[in-house]
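Here's a friendly walk through a fold you may not have met before. Have a look at the picture first, and then we'll take it piece by piece.

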Amino acid sequence: MSAISVQALSKTFSGNAKALKEISLTIEEGEMVALIGASGSGKSTLIRHVAGLVSGDRSSGEIRVHGNLIQRSGRIPRKVRQHRRHIGVVFQQFNLIGRLSVLTNVLMGVLGTAPAFRTIFGIFTKSEKRSALQALERVGIESHADKRADKLSGGQQQRAAIARTIVQGARVILADEPIASLDPASSRKVMDNLSRVNRDDNVTVLVSLHQVDYAIQYCPRTIAMRDGQIVFDGASDKLTPAFLQELYGAESVKLTNEEKQRETFAEAEVKPVNTPETPHGLPVGAQAKTVTPETQFVQ
Ligand SMILES: Nc1ncnc2c1ncn2[C@@H]1O[C@H](COP(=O)(O)OP(=O)(O)OP(=O)(O)O)[C@@H](O)[C@H]1O
Ligand SMILES: [Mg+2]
């Protein structure tokens, strides 16, 4: 049985052109798949449909996660709530409740299975707290457990969101641009964490990314979208510069320049290359370069 199966999914937002056009895809359990494409190509829309947060057009086929029906012919069944328990979602922003502690946020992961009164009063058992702390340990931020969530850096917040999916017992993680607003060092930590959960727990990961080099480095398979259609689905190392140039069009030049600038800033202020914090030593563009602050704007 596939982890994610999407058949003939279409979505027309009122008054707009089709955001998704007969999308079909299958992702097997344990895969880690990147979703790429220019702005507006439909990545977030697709992810929200798979999460059961939005329903497709009536002409659509169906979406299943681990065989469970998420939607069919534009209808989301009531039972989807219980299936959503197995789906962890990580968004670019608004992942956590800022005024609550990091630990409580992670504990929210168990609420899918908890009775309503516990949801309201935030009552958790010792073993639930222990598993939340263990999850925070796995993503390397256990020392921040008691802090207010909004006191964490963006990267730490994303790692807490991943810890929440671990506590939730998610079998599938849908991450929509989880590193879009992070510097390269934090991005790598978040991607490392997603990758570890995928590898160690056999959790299926579908992650949309703007940075193609991260897709190539972390995800064996990439699905590329353009104008609501899948235009590439295959091994990430088969993506060619010419294809990517065409995929992103005018955006590609802008993206490259923006990324270069972000990387130079972050490299300059973070730390030297090849510290123990970047143990994989894999070839992300940012790591390969030696940058001094003086060269920042020399392109
Ligand atoms: N709620 C909505 N109402 C109307 N149109 C929408 C809505 N959400 C998305 N769209 C449209 O659907 C298309 C796909 O948008 P989507 O957000 O899925 O793109 P994306 O690939 O995630 O882009 P980005 O990289 O900028 O996040 C766009 O044309 C967008 O304007
Ligand atoms: Mg998006």
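Let's start with one of the sheets. Four strands form an open sheet in the order β2-β1-β4-β5, and their pairing is antiparallel. At the edges stand β2 (18-27) and β5 (68-72); each has a single partner strand, so one side of each is left without a neighbour in the sheet. On average, and ignoring direction, neighbouring strands here are turned by 20 degrees against each other. Keep in mind that what you're looking at is a predicted model.

Zoom in on one pair of strands. Strand β4 (residues 62-65) meets β5 in the antiparallel sense, with four bridges between them. One of the matches to look for is V65, whose bridge partner in β5 is N68. A helix packs on this sheet too: α1 touches β1 (4-12), β2, β4 and β5, and its direction makes about 120 degrees with that of β1.

Two residues in this part of the chain have a backbone quirk. As background, most residues other than glycine have a negative phi. E22, however, has a positive phi, near 50 degrees, and E22 sits in strand β2. H66 also has a positive phi, near 50 degrees, and H66 is found in the loop between β4 and β5. How open are their surroundings? E22 has 16 other C-beta atoms within 10 Å, so it is partly exposed. H66 counts as partly exposed as well, because it has 17 C-beta neighbours inside 10 Å.

Now for the other sheet. This one is open and has six strands, in the order β6-β7-β8-β3-β9-β10, with mixed pairing. Its edge strands are β6 (87-90) and β10 (229-235), each of which pairs on one side only. From one strand to the next, the twist averages 15 degrees.

Here are some of the strand pairs in this sheet, side by side:

| Strand pair | Bridges | Sense |
|---|---|---|
| β3 (residues 32-37) and β8 | four bridges | parallel |
| β7 (residues 172-176) and β8 | five bridges | parallel |
| β3 and β9 (residues 221-226) | five bridges | parallel |

A few residues help you find these pairs in the picture. L35 has S208 as its bridge partner in β8, and L35 also stands opposite I223 in β9. Over in the pair of β7 and β8, the bridge partner of A175 is V207. To get from β7 to β8, the chain crosses through helix α7 (residues 184-201), and this β-α-β crossover is right-handed.

Strand β8 deserves a stop of its own. How many residues of strand β8 (residues 204-208) are buried? Five of its five residues are, which makes the strand mostly covered. The side chains split into two groups: T204, L206 and S208 point one way, while V205 and V207 point the other way, and all are buried.

Another helix belongs in this picture. Helix α6 (residues 154-168) lies across β6 and β7, and runs at about 175 degrees to β6. S153 can be found in the loop between α5 (126-138) and α6. With 13 other C-beta atoms within 10 Å, S153 is partly exposed. S153 is 33 residues from S186 in sequence, and their C-alpha atoms are 9.1 Å apart in space.

There's a ligand to visit as well. Which residues are around ligand 1? They are F13, N16, A19, G37, S39, G40, S41, G42, K43, S44 and T45. Sorted by class, this shell has two nonpolar, eight polar and one charged residues. Helix α1 (residues 43-50) supplies the largest share of the shell, three residues. That's the helix which also packs on the four-strand sheet, touching β1, β2, β4 and β5.

Finally, step back and take in the whole chain. The protein chain has 11 helices and 10 strands. Of its 299 residues, 40% are buried. If you take contacts between residues at least 6 apart in sequence, 66% of them join residues at least 24 apart.

Definitions and conventions: Residues numbered from 1 in each chain as written. Chains lettered and ligands numbered in written order. Predicted model: local features only at pLDDT ≥ 70, side-chain atom pairs only at ≥ 80, totals over all residues. Near = placed C-beta within 6 Å. Nonpolar A, V, L, I, M, F, W, Y, C, P; charged D, E, K, R; others polar. Buried ≥ 20, exposed ≤ 12 C-beta atoms within 10 Å, placed from the backbone. Pairing = 2+ DSSP bridges. Right-handed = clockwise from strand over helix to strand, strands pointing away. Contact = placed C-beta atoms within 7 Å. Axes fitted to C-alpha atoms, helices over the stretch in contact; angles between N-to-C directions.
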